[in-house]
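Thanks, everyone, for making the time this morning. I would like to walk through one model with you, element by element, and I will try to be careful about what can be said of each part.

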Amino acid sequence: MDLSTLDLIGHGDLIRRREATALELLDAAIARIESERRLNAVICDLFDRARERARGALGDGPLAGAPFLLKDLGEPVAGAPERMGSVALRDHVSADSSEVVARYERAGLLIAGKTNTPEWGNHCTTEPVLFGPTINPRAPDLSPGGSSGGSAAAVAAGVVPAASGSDATGSIRVPASACGVIGLK
């Protein structure tokens with residue numbers, strides 16, 4: 001079975017039917033993250049944290065055990081870097097997790113890392129000075145858009161079934177369109 005083609009519900013179904021464990025799905029996603037580093041979509045690995053969670057109780061909801069990525073903008077994770085694409089925050093580590101991160105985790109999602117975003121989310125391309133540009137997996141000569149470009153590129157490449165984004169002026173809609181995936185605002 002090609003896990004890169006399953007959505008979040010499909011990953012959760014595999015776990016509920018005991019056809020895979022959360023750790024197996026997470027390790028497969030980590031392998032895909034590693035194999036797609038050229039995209040520069042994932043800029044912060046949270047592999048150990050996610051593996052620890054995968055070994056524990058995740059609940060029995062429809063998303064429990066599915067691998068997931070967070071946009072590195074406005075979704076802090078306690079003890080993890082939050083840089084928001086900015087050189088000014090290159091050494092910043094969040095003290096607390098946001099409520100949305102807590103909700104993702106209560107739903108059983110396994111947060112494997114954080115995705116690239118333009119500085120402060122202020123551009124329609126994902127090309128921060130801090131991390132460099134994210135490559136669009138479906139059209140490498142074109143931008144994946146921004147500011148959720150790292151998330152859209154990761155999903156388009158089949159790295160994870162879903163990733164978070166945020167959108168004030170097209171930051172989900174533009175990357176989803178540019179990368180050929182569905183974005184929910």
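Let me begin with Asp 72, which, if we leave aside its neighbours within four places in sequence, is in contact with Ile 43, Pro 81, Glu 82, Arg 83, Met 84, Gly 85, Lys 114, Thr 115 and Thr 117. Please keep in mind throughout that this is a predicted model. Asp 72 has its place in the loop between strand E2 and helix H4, the latter covering residues 99-106. Is Asp 72 buried or exposed? Its relative accessible area is 2%, and since buried means under 20%, Asp 72 is counted as buried.

One of the residues that Asp 72 touches is Met 84, and Met 84 also has its place in the loop between E2 and H4. With a relative accessibility of 18%, Met 84 counts as buried. Its backbone deserves a remark as well, in that Met 84 has a positive phi of about 50° although it is not a glycine.

From that loop we can step back to the sheet, which is open, has 3 strands in the order E1-E3-E2, and shows mixed pairing. Why is one side of E1 and of E2 left without a neighbour in the sheet? Strand E1, residues 42-45, and strand E2, residues 67-71, stand at the edges, and each has a single partner strand, so one side of each has no neighbour there. On average, neighbouring strands of this sheet are turned by 40° against each other, with direction ignored.

Taking the pairings in turn, E1 and strand E3, which spans residues 110-115, pair in the antiparallel sense over 3 bridges, and within that pairing Asp 45 has Gly 113 in E3 as its bridge partner. E2 and E3, by contrast, pair in the parallel sense over 5 bridges, and here Phe 68 stands opposite Ile 111 in E3.

E2 may stand at an edge of the sheet, but 5 of its 5 residues are buried, so E2 is largely enclosed by the rest of the structure. In a regular strand, side chains alternate between the two faces of the sheet. In E2 both faces are covered, with Pro 67, Leu 69 and Lys 71 buried on one side and Phe 68 and Leu 70 buried on the other.

Part of the surroundings of E2 brings us to helix H1, residues 8-16, in which Leu 8, Gly 10, His 11, Gly 12 and Leu 14 are buried. What do the buried residues of H1 pack against? They pack against helix H2, residues 22-35, and against E2. At the start of H1, a side-chain oxygen of Asp 7 reaches to within 3.2 Å of the backbone nitrogen of Ile 9, while H1 is followed by Arg 18, whose phi is positive, near 60°.

For the two helices, the axes of H1 and H2 come within 9 Å and cross at roughly 140°, which means that H1 is oblique to H2. The residues that meet are His 11, Leu 14 and Ile 15 in H1 and Ala 22, Leu 25 and Arg 32 in H2, and by class this contact has 4 nonpolar, 1 polar and 1 charged residues.

His 11 merits a closer look, since at 0% relative accessibility it counts as buried. Setting aside neighbours within four places in sequence, His 11 is in contact with Leu 3, Leu 6, Leu 25, Arg 32, Ala 66, Pro 67 and Pro 161.

Finally, I turn to the loop between E3 and helix H5, the helix running over 149-156, where Asn 136 has its place. Asn 136 is buried, with a relative accessible area of 1%, and a polar atom of its side chain lies 2.9 Å from the backbone nitrogen of Arg 138. Not counting residues up to four places away in sequence, Asn 136 touches Leu 142, Ser 143, Pro 144, Ala 178 and Cys 179.

Trp 120 also has its place in the loop between E3 and H5, and although it is not a glycine, Trp 120 has a positive phi of about 60°. At 41% relative accessibility, Trp 120 counts as partly exposed. Ser 147 has its place in the loop between E3 and H5 too, and the peptide bond from Gly 146 to Ser 147 is cis, with omega near 15°.

Terms used
Residues are numbered from 1 along each chain as its sequence is written. This is a predicted model: local features need pLDDT of at least 70, side-chain atom pairs count only at pLDDT 80 or more; totals for chains, interfaces and linings use all residues. Side-chain values use heavy atoms; hydrogens and water are left out. Two strands pair if DSSP finds at least two bridges between them. Helices (H or I, at least four residues) and strands (E, at least two) are DSSP runs, numbered from the N terminus. Axes are lines fitted to C-alpha atoms, for helices over the stretch in contact, and angles run from 0 to 180 degrees between N-to-C directions. Buried means under 20% relative accessible area, exposed over 50%, partly exposed in between (1.4 Å probe, protein chains only). Contact means heavy atoms within 4.5 Å. A polar contact is a pair of N or O atoms within 3.5 Å; within protein, one must be able to donate a hydrogen and the other to accept it, and residues adjacent in sequence count only if both atoms are side-chain atoms. Angles under 35 degrees count as roughly parallel, over 145 as roughly antiparallel, 65 to 115 as roughly perpendicular and the rest as oblique. Ala, Val, Leu, Ile, Met, Phe, Trp, Tyr, Cys and Pro count as nonpolar, Asp, Glu, Lys and Arg as charged, and the others, Gly among them, as polar.
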